[in-house]
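Please open the model in your viewer and keep the sequence panel beside it, because each stop on this tour begins with something to select. Take the stops in order, and rotate the view freely at each one.

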Amino acid sequence: MSTGSENAFANRHERLAGFPIAVGSWAIDFWDMLITWITALGDIVVFGGRTMSWLVSRLPQRETILPNFYQIGVLSLPVVALTGTFIGMVLAVQSYSQFRVVNLETRLGAIINMSLVRELGPVLAATMLAGRVGSAMAAELGTMRVTEQIDALSSMGANPIQYLVVPRFLGCLVLIPTLTIMADFMGVVGGWFYSVYRLGIDNHHYWENSQKFVGAFDLFGGVFKSLFFGAAIALISCHRGFHCDPGAEGVGRAAYSAFVNSFVVILMLDLTLGIALDSLYLYLWPQGASFI
Amino acid sequence: MMNARTFVGCSASTGTRSLARTKFVGCSASTDGSNAHVCSEISVSSPSAKSADARAPLVQVRGLYVQFGRQKVLRNIRLDVPKGQTLALIGESGCGKTVLLKSIIGLVHPTAGQVLFDGVDLSHMSDKELTRQRIRFGFLFQQAALFDSMNVAQNVSFPLRQHTHKTPEEIHEIVLSRLAEVGLPESVLTKKPAELSGGMRKRVGLARALALDPEIMLYDEPTTGLDPIMSDVINELIVRTRKRYLVTSIVVTHDMNTARKVGDRAVMLYPLVRLSADEPQIIFDSVPTELADCSDRRVSQFVNGEAGERLMEMREAAETSGLWSARSRL
């Protein structure tokens with residue numbers, strides 16, 4: 001017994017002695033992580049600057065633009081349309097019971113369509129793009145980095161940013177608004193279909209309320225935000241690919257970190273731009289329409 | 001410049017070196033027939049080539065240091081490569097040969113020091129100027145680095161499509177002639193890199209590197225992973241390329257057959273971790289025939305492929321690091 005209690009005492013004593021070391025080690029780790037984050041942020045800003053510089057100085061060739069546009073725009077359309085439809089229907093399902101309590105079922109069109117064009121459409125399209133296209137871009141460019149294909153491009157006098165990043169950046173920037181509009185449209189259709197044909201809300205009042213509360217500015221705001229999302233997805237994903245670690249694990253890490261980082265940045269941009277657009281709206285129309 | 005270089009631990013004869021040097025300069029200054037035509041085309045494509053002294057080394061590495069994070073790879077490397085010379089850069093894996101090669105073309109940025117190509121420092125250039133200079137290089141990568149998404153024809157024609165205004169027919173003709181030079185039939189044109197053998201990929205890579213008639217060819221371990229016959233085929237191609245295009249070449253290799261067969265000069269690098277602070281990293285710099293007679297134990301060990309005490313040293317190092325990590329865990 002005594003040996004056991006002595007051991008316990010000794011262990012506790014060691015743990016206490018190790019505590020300052022653990023705190024110090026944790027502080028060093030935290031500092032290293034902070035430095036890594038700041039370096040990565042600076043690096044991505046420089047990367048973005050170089051992309052912009054090539055974008056304005058020399059447009060990429062048609063043969064590099066078309067496959068990227070097809071991959072980013074055409075192939076993403078079905079999945080964006082499908083998720084848009086479902087999110088519209090889910091919104092109808094979730095909001096109906098709340099609105100029914102206060103006998104405002106006919107206002108369902110306003111809340112569904114407002115949520116879709118302002119928030120869910122752009123964010124959903126961007127998330128799908130980050131998941132489908134962003135991680136694929138990071139994996140593709142990462143593999144090219146690991147197999148020295150990016151170095152080969154440089155050695156042949158083709159700038160990798162101009163050849164690989166600019167077409168992808170342009171593709172995301174130009175096509176994300178169309179994907180957003182598609183997500184908005186299919187969401188509106190899905191929400192309307194479920195509300196009118198499943199929940200039995202009057203068709204006329206549904207659209208009348210939608211028209212009263214959802215304006216062109218809401219649609220513009222959503223599409224405007226999507227431009228920033230598209231640019232962020234392209235830059236983050238290409239940057240992750242360009243800085244891929246060697247090996248299969250490195251490529252895998254590049255792919256998932258491209259999605260995770262893009263998604264976090266999308267949400268941060270969404271909040272910032274949401275606040276900015278709201279302030280602009282109140283500035284332009286001080287007596288903005290109230291919902292109820 | 002060559003005579004000023006320090007030779008470490010080797011009994012290289014100065015007379016032989018001087019003769020060899022005269023030969024290199026003579027090659028680059030040769031004005032007969034088609035070779036002179038190639039040279040004049042190159043100098044037209046690069047304005048700086050006109051201004052540079054024809055006898056000046058094409059590549060000058062001055063006090064080059066390269067470090068990745070805390071890992072030091074190159075320390076105070078000084079190296080001049082005259083025009084027309086074929087330099088075999090040898091050394092064991094991880095000694096920094098490839099890093100030096102990539103520093104020369106500007107793919108790796110020096111931590112300190114300079115790499116001058118034709119008198120111009122590549123590390124302080126804008127993206128666009130660097131792009132223009134790189135057209136003068138041809139680079140054969142270790143795994144050939146062919147673009148997966150393109151077929152052979154598209155791979156070989158890539159530099160031509162990027163930098164010339166030739167018609168598709170002219171490009172096709174050049175692609176066929178380059179492939180024929182490296183011994184590949186027309187039937188490979190439509191094949192993807194994944195469908196080719198290692199030797200074929202290397203040869204397609206060489207055809208692509210030669211597409212724009214480069215002034216300097218850089219080869220990164222050209223025979224690694226190939227069978228002995230295909231290795232010799234690649235060696236032959238390197239020799240022929242040098243004769244046909246009068247290119248300056250730097251061949252990174254740890255294959256002694258390659259170093260002896262293709263090199264006019266051999267330079268051996270030694271890993272920094274195995275050197276003390278005041279020892280130079282270049283431990284041999286002379287003609288390849290003198291490699292066998294070198295009195296430096298480190299050079300003869302590499303040339304003869306002897307493990308010596310290396311396995312014992314590695315095991316001791318592994319055990320020591322294991323003890324350290326165990327202590328740090330405690």
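In which sense do strand β1 (residues 59-68) of chain B and strand β2 (residues 71-81) of chain B pair, and over how many bridges? Select both strands: β1(B) and β2(B) pair in the antiparallel sense over seven bridges, where two strands count as paired if DSSP finds at least two bridges between them. Helices (H or I, at least four residues) and strands (E, at least two) are DSSP runs, numbered from the N terminus.

Before going further, please note that this is a predicted model, in which local features need pLDDT of at least 70 and side-chain atom pairs count only at pLDDT 80 or more, while totals for chains, interfaces and linings use all residues. Residues are numbered from 1 along each chain as its sequence is written, and chains are lettered from A and ligands numbered from 1 in the order in which they are written.

**The hairpin in chain B**

Stay with the two strands and pick out Leu64(B), whose bridge partner in β2(B) is Ile77(B), and then Val59(B), whose bridge partner in β2(B) is Val81(B). Two residues lie between the strands of this hairpin, and Gly69(B) takes a positive phi near 60° there. Now add strand β4 (residues 112-117) of chain B, which runs antiparallel to β1(B) and is joined to it by five bridges; in β4(B), Ala112(B) stands opposite Tyr65(B).

**The six-stranded sheet**

Next, select the strands of the open sheet in chain B, which has six strands in the order β6-β7-β8-β3-β9-β10 with mixed pairing. At its edges you will find β6 and β10 (282-286) of chain B, each of which pairs on one side only. Neighbouring strands of this sheet are turned by 15° against each other on average, direction ignored; axes are lines fitted to C-alpha atoms, for helices over the stretch in contact, and angles run from 0 to 180 degrees between N-to-C directions.

Select β6(B) together with strand β7 (residues 216-220) of chain B, and you will see a parallel pair with four bridges, in which Gly138(B) stands opposite Met217(B) of β7(B). Helix α4 (residues 97-104) of chain B packs on the sheet, touching β3 (86-90), β7, β8 (248-253) and β9 (265-269) of chain B, and its direction makes about 155° with that of β8(B). Helix α8 (residues 198-209) of chain B also packs on the sheet, where it touches β6 and β7 of chain B, and its direction makes about 170° with that of β6(B). Two residues are in contact here if their C-beta atoms, placed from the backbone, lie within 7 Å.

**Helix α4 of chain B**

Is α4(B) largely enclosed or largely open? Eight of its eight residues are buried, so α4(B) is largely enclosed by the rest of the structure; a residue is buried if 20 or more other C-beta atoms lie within 10 Å of its own, exposed if 12 or fewer, and partly exposed in between, with C-beta atoms placed from the backbone. Among the buried residues to select are Lys97(B), Leu100(B) and Ile104(B). Just after this helix, Gly106(B) takes a positive phi of about 85°.

Now show the whole of chain B, which contains twelve helices and ten strands, and in which buried residues make up 40% of the 330 residues.

**Where the chains touch**

Display both chains, and look for a contact that takes 17 residues from chain B and twelve residues from chain A. On the side of chain B that touches chain A, α5 (127-134), β6 (137-140) and α6 (152-163) of chain B each supply at least two residues.

**Over to chain A**

Select helix α9 (residues 247-284) of chain A, whose 38 residues should span 56 Å at 1.5 Å a residue (the expected span is 1.5 Å times one less than the number of residues), which agrees with the 54 Å between its end C-alpha atoms. Its buried residues, including Val251(A), Phe259(A) and Ile266(A), pack against α4 (108-146) and α8 (216-242) of chain A.

Finally, find Leu170(A) in helix α6 (residues 160-198) of chain A; Leu170(A) is buried, with 22 other C-beta atoms within 10 Å.
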